[in-house]
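Work through the exercises below with the sequence and the 3D view side by side. Try each task before you read its solution.

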Amino acid sequence: MILSCENVSLSYDGATVAENINFRVEDGDYLCILGENGSGKTTLIKALLGLKKVAGGSIVFGDGVSPQKIGYLPQKQSFNTDFPACVTEIVRTGFLGSRGFRPYYSSRERERAKEIMESLGISAFAKRSFDELSGGQQKRVLLARALCSAEKLLILDEPTAALDPIVTEELYEITKKLNEEKKISVIMVSHDVAAATKFANRILHIKHEQLFFGSAEEYLKTELAKTYMGGHGRVG
Ligand code: ADP
């Protein structure tokens, strides 16, 4: 098991935004979290990452899993540096979460960052400034950064928002490959039901409470999926 959410509820200043959340992520799972805007998806992700306390219930992690060892690709990312950071520097900061701040990286970490950059096809712009890259290239750099801390689990919060269809497909393929070949479990927040049910094996649909948790196949048979696909899901 990677993690288990047991009767979790989440709130801001006493106002509940999600409750009765119960699901498990097993080793090798690819879970898509669906739900319209404001349903509590990002808040739930923050709780899994230990950035937000649950208001009730508990999140239990499997052996060797902890929030620090989760690779995280946030929805929005800004870097407040006084100088334009190059791609390699950005990728290596992925190691900082697990061991606190250090001004240097071990040779093992440097080597690992290089391997990850090669596997994601971004070595060619290793020395380029992050700000100069296209949206799709920046997403791959941020994914590489997330992979530096992803030992068993990678969480992606709407990774394809604002990407064109070709780059979107590419990002889905890369994620699927990491899941299948590197055996990294994936949790992805998405609005794209067609892609979610194509790539993920498990679906969690929330709207302030849990509306569905189960296999992608079962989800597709529900009225919920049909309604959601009609209203929100993009096909393709
Ligand atoms: P989603 O990711 O599904 O769009 P969020 O988890 O971002 O939903 O938000 C769920 C609800 O919590 C929304 O009503 C949102 O306005 C509220 N919310 C989100 N962040 C905060 C915050 N920092 N303080 C107060 N309310 C918040």
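The exercises cover a ligand site, two helices, a few single residues and their backbone angles.

This is a predicted model, in which local features need pLDDT of at least 70, side-chain atom pairs count only at pLDDT 80 or more, and totals for chains, interfaces and linings use all residues. Residues are numbered from 1 along each chain as its sequence is written, and side-chain values use heavy atoms, with hydrogens and water left out.

**Exercise 1. The ligand shell**

List the residues that surround the ligand, sort them by class, and find polar contacts to the ligand.

Step 1. Take residues with a heavy atom within 4 Å of the ligand. The shell consists of Tyr12, Val17, Glu36, Asn37, Gly38, Ser39, Gly40, Lys41, Thr42 and Thr43.

Step 2. Sort them. Ala, Val, Leu, Ile, Met, Phe, Trp, Tyr, Cys and Pro count as nonpolar; Asp, Glu, Lys and Arg count as charged; the others, Gly among them, count as polar. The shell then has two nonpolar, six polar and two charged residues.

Step 3. Assign elements. Helices (H or I, at least four residues) and strands (E, at least two) are DSSP runs, numbered from the N terminus. Helix 1 (residues 41-48) gives the most to the shell, with three residues.

Step 4. Look for polar contacts, which are pairs of N or O atoms within 3.5 Å; within protein, one must be able to donate a hydrogen and the other to accept it, and residues adjacent in sequence count only if both atoms are side-chain atoms. A polar side-chain atom of Lys41 is 2.8 Å from a ligand oxygen. A polar backbone atom of Gly40 lies 3.0 Å from an oxygen atom of the ligand. The side chain of Tyr12 places an N or O atom 3.3 Å from a ligand nitrogen.

Step 5. Check the cover. The ligand taken alone exposes 560 Å², and the protein buries 56% of that. Accessible areas come from the Shrake-Rupley method with a 1.4 Å probe; for residues, only the protein chains shown count as cover.

**Exercise 2. Helix 5 and Val141**

Compare the length of helix 5 with its expected span, then describe its cover and the place of Val141.

Step 1. The expected span is 1.5 Å times one less than the number of residues. Helix 5 (residues 135-149) has 15 residues, so it should span 21 Å; its end C-alpha atoms are 22 Å apart, which agrees.

Step 2. Count buried residues, those under 20% relative accessible area; exposed means over 50%, and partly exposed is in between (1.4 Å probe, protein chains only). In helix 5, 12 of 15 residues are buried. Among them are Arg140, Leu143, Ala144 and Leu147.

Step 3. Find the cover, with contact meaning heavy atoms within 4.5 Å. The cover includes strand 5 (70-73), helix 2 (87-92), helix 4 (107-119), strand 6 (153-157) and helix 6 (165-181).

Step 4. Zoom in on Val141, which lies in helix 5. Val141 is buried, with a relative accessible area of 0%. Beyond four places in sequence, its contacts are Val87, Ile90, Val91, Ile122, Phe125, Phe130 and Leu133. Val141 and Val87 are 54 residues apart in sequence, yet 6.8 Å apart in space, C-alpha to C-alpha.

**Exercise 3. Helix 6 and its ends**

Run the span check on helix 6, then inspect its packing and both ends.

Step 1. The 17 residues of helix 6 should span 24 Å at 1.5 Å a residue, and the end C-alpha atoms are 24 Å apart, which agrees.

Step 2. Its buried residues include Val167, Leu171, Ile174 and Leu178. The buried residues pack against strand 3 (30-34), helix 5, strand 6, strand 7 and helix 7.

Step 3. At the start, a side-chain oxygen of Asp164 comes within 3.0 Å of the backbone nitrogen of Ile166. Just after the helix, Lys183 takes a positive phi of about 60°.

**Exercise 4. Positive phi**

Where do Asn20 and Lys183 lie, and are they buried or exposed?

Step 1. Most residues other than glycine have a negative phi. Asn20 has a positive phi of about 55° although it is not a glycine.

Step 2. Asn20 sits in strand 2 (residues 15-25) and is partly exposed, at 41% relative accessible area. Lys183 lies in the loop between helix 6 and strand 7 and counts as exposed, at 59%.

**Exercise 5. A loop histidine**

Place His191 and find its side-chain partner.

Step 1. His191 lies in the loop between strand 7 (185-189) and helix 7 (193-199). His191 is buried, at 16% relative accessible area.

Step 2. A polar contact of 3.4 Å joins the side chains of His191 and Tyr228.
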